[in-house]
Amino acid sequence: MSIQSHHRLALATSAQLAGFHPDDVHLVASLREAGVEPVSCVWSDPGVDWSRFDAVLIRTTWDYFKRYAEFLQWLDRLPVPTINPAPLLRWNSDKRYLLELAQRGVDVIASRISNSDDLRATLATMAGQDVVVKPTVSGGAWHTLRGVAGDAAFEASLAQLPAHLDYLVQPFVPAIVEEGEWSLVFFDGGFSHAVLKRPARGDYRVQDDFGGSADPVAPPASILAAAQRALAVVADLGHPDHAYVRVDGVQVDGRFALMELEMIEPGLHLARRPDAAERFARNLRGRLRALAGEIA
């Protein structure tokens, strides 16, 4: 039996997917069972009255990186809290955070930052290497290129990249194709579940849009511990509150190397783990009750 709803939670979406994503369907049902009314709202819609909600949960804002300044202004204007906190969302929105984590001892895929003017000079120091170039603010493999530094065809592709963006340059890691990319999901700091993502044959991108797959797995203790260490460093950097996070990485020479932390709008792989959706819903209800000053 559903508990009568008395909390309202906006699930921020984008115009390209204005409703609930199929992966969130059981989460939405579980929220309603827990007494929370989830409402899908396009983040960029000027007609939304955000003050009608107790909080905003970022879910499928899949165009935020294309409208980055507008997105940050929207965060600043919101009259209610976000889940995760807005300072964490800002920090996580630019992949420069990877360099911060590396400086604190987190094992991160070697990363360099370059603006478009210096990109070729950066790649010249990596001549002959298989590399990946992506904007520091991006998602879904947007403007992401893979190629051999110094190769003429790759140089031609690089010339088509937008000049106003900054770029993250990393060596390509063959283990992504050979073994797969690990994604570990945490709710309120506790490990929930994991998947191993693999690209389609002949590709290197693990996203669904490019034919990638994601299979539920139990991560080895070493990988789980490495993910937990990375989150502990994030807390030390001044961001201790992680309502949800997906830790992405790959095994390199027997060690777990971090690729990204997804704290804004990650796919959480809930459709095949209804228990995780229910757990997340309970955690969200607890947060909304705390915001309202209710006794848990």
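Colleague: Which residues of α9 are buried?
Modeller: In α9, a helix (a DSSP run of H or I, at least four residues, numbered from the N terminus), the buried residues are A276, A277, F280, A281, L284 and L288. Buried means under 20% relative accessible area and exposed over 50%, with partly exposed in between (1.4 Å probe, protein chains only).

Colleague: Where do they lie around the axis of α9?
Modeller: They are on the same side of α9, because their arc (from the directions of the C-beta atoms off the helix axis) is only 135°. An α-helix has 3.6 residues a turn, so residues three or four places apart point the same way.

Colleague: And which exposed residues are on the face turned away?
Modeller: That face of α9 carries R282 and A290.

Colleague: What is all this based on?
Modeller: This is a predicted model, in which local features need pLDDT of at least 70 and side-chain atom pairs 80 or more, while totals for chains, interfaces and linings use all residues. Residues are numbered from 1 along each chain as its sequence is written, and side-chain values use heavy atoms, without hydrogens and water.

Colleague: Changing topic, how many aromatic pairs are there?
Modeller: There are twelve (Phe, Tyr or six-membered Trp ring centres within 6.5 Å; planes under 30 degrees apart are stacked, over 60 edge-to-face, the rest tilted) in the structure. In one of them, the planes of Y64 and F71 meet at 40°, so the pair is tilted, with ring centres 4.9 Å apart.

Colleague: Are those two buried or exposed?
Modeller: Y64 is buried at 3% relative accessible area, and F71 is buried at 1%.

Colleague: Which aromatic cluster holds Y64 and F71?
Modeller: One cluster contains both, together with W43, W50, F53, F65, W74 and W142.

Note on methods:
Helices (H or I, at least four residues) and strands (E, at least two) are DSSP runs, numbered from the N terminus.
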